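Please walk me through this structure in the viewer. Tell me what to select at each stop and what to look for there.

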Amino acid sequence: MSRSTRKPFKACTKCRMLVPHEVNICPSCGSTSFTDAWSGVVIIVDAEKSELAKLLGIEKPGRYALKIGT
Amino acid sequence: MASTESKRNLTSQFAVLRTISGKELNVALVLELRASSEPGIYGILVPSDLKGYIIVESDGIHSVQKIVKGVKHVRGRIAGSITYEEVERLLKVKSPLEELQPGDVVEVVAGPFKGLKATVRSVNLAKNEVEVEILEAAYPLKVFLPGDNVKPVGKG
């Protein structure tokens, strides 16, 4: 028997930021389009010093999905 | 080499932590909370295709050790650190559909055709969908399947 667990966040389809399900507008880009089909997470703590942020083109600290779509 | 090295922040180090499989995100969220009081932590990566591991970007191992101490579900740290190039490779997540070409043979791994082999007819990356022709059917049977329902078996 498989147990399905709901993901704790949904991802903005425009900027890939992860937000709680109750949020309706993306705090990063203002988009209202979200998806539950995402995988991989990158958490940027210090956007200026982080190589991960530069590699992914992220300018603001926060949680982001690595990939949108299943 | 000098040119690529000079573009990068040489103080960044990537430490690999082992976690209990399935708890990667929970660990990353706890570390995020702790990182707010530790200026040496720059980022945390939870790769989608690497179960049981997370990668912490920091100014050195000592910063990682500080925030990891006592965190539940962490099973230890892999000695040493991984290179920027290895992290880059992990970040470039490729959809399995991107590697499929029309004519390739796939095995259906879920749904009503589970266990049957099929030939790829077309791939729709935008919809994450693949059109296949079931090989073991008595008559030509073309179906559209979600990308996750097929597994590559051989090239056509």
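Which residue in strand 7 of chain B does Ala118(B) stand opposite? Select Ala118(B) and look across: the residue opposite is Ile134(B) in strand 7 of chain B. Keep in mind throughout that this is a predicted model.

Now widen the selection to residues 117-124 of chain B, which form strand 6, and add residues 129-134 of chain B, which form strand 7. These two strands run antiparallel and are joined by 6 bridges.

Next, select residues 142-146 of chain B, strand 8. Strand 8 of chain B pairs with strand 7 of chain B in the antiparallel sense, over 5 bridges. One place to look is Glu133(B), which stands opposite Lys142(B) in strand 8 of chain B.

Move to the sheet that takes strands from chains A and B. It is an open sheet of 6 strands with antiparallel pairing, and the order is 5(A)-4(A)-2(B)-3(B)-1(B)-4(B). To find its edges, select residues 62-68 of chain A (strand 5) and residues 74-77 of chain B (strand 4); each of these strands pairs on one side only. From one strand to the next, the twist averages 25°.

Within this sheet, select residues 13-19 of chain B (strand 1) and residues 53-58 of chain B (strand 3), an antiparallel pair with 6 bridges. Phe14(B) has Glu57(B), in strand 3 of chain B, as its bridge partner.

Last, select residues 61-68 of chain B, which make up helix 3. Helix 3 of chain B lies across strands 1, 2 (41-46), 3 and 4 of chain B, and runs at about 30° to strand 1 of chain B.

Definitions and conventions:
Residues are numbered from 1 along each chain as its sequence is written. Chains are lettered from A and ligands numbered from 1 in the order in which they are written. This is a predicted model: local features need pLDDT of at least 70, side-chain atom pairs count only at pLDDT 80 or more; totals for chains, interfaces and linings use all residues. Side-chain values use heavy atoms; hydrogens and water are left out. Two strands pair if DSSP finds at least two bridges between them. Helices (H or I, at least four residues) and strands (E, at least two) are DSSP runs, numbered from the N terminus. Axes are lines fitted to C-alpha atoms, for helices over the stretch in contact, and angles run from 0 to 180 degrees between N-to-C directions. Contact means heavy atoms within 4.5 Å.
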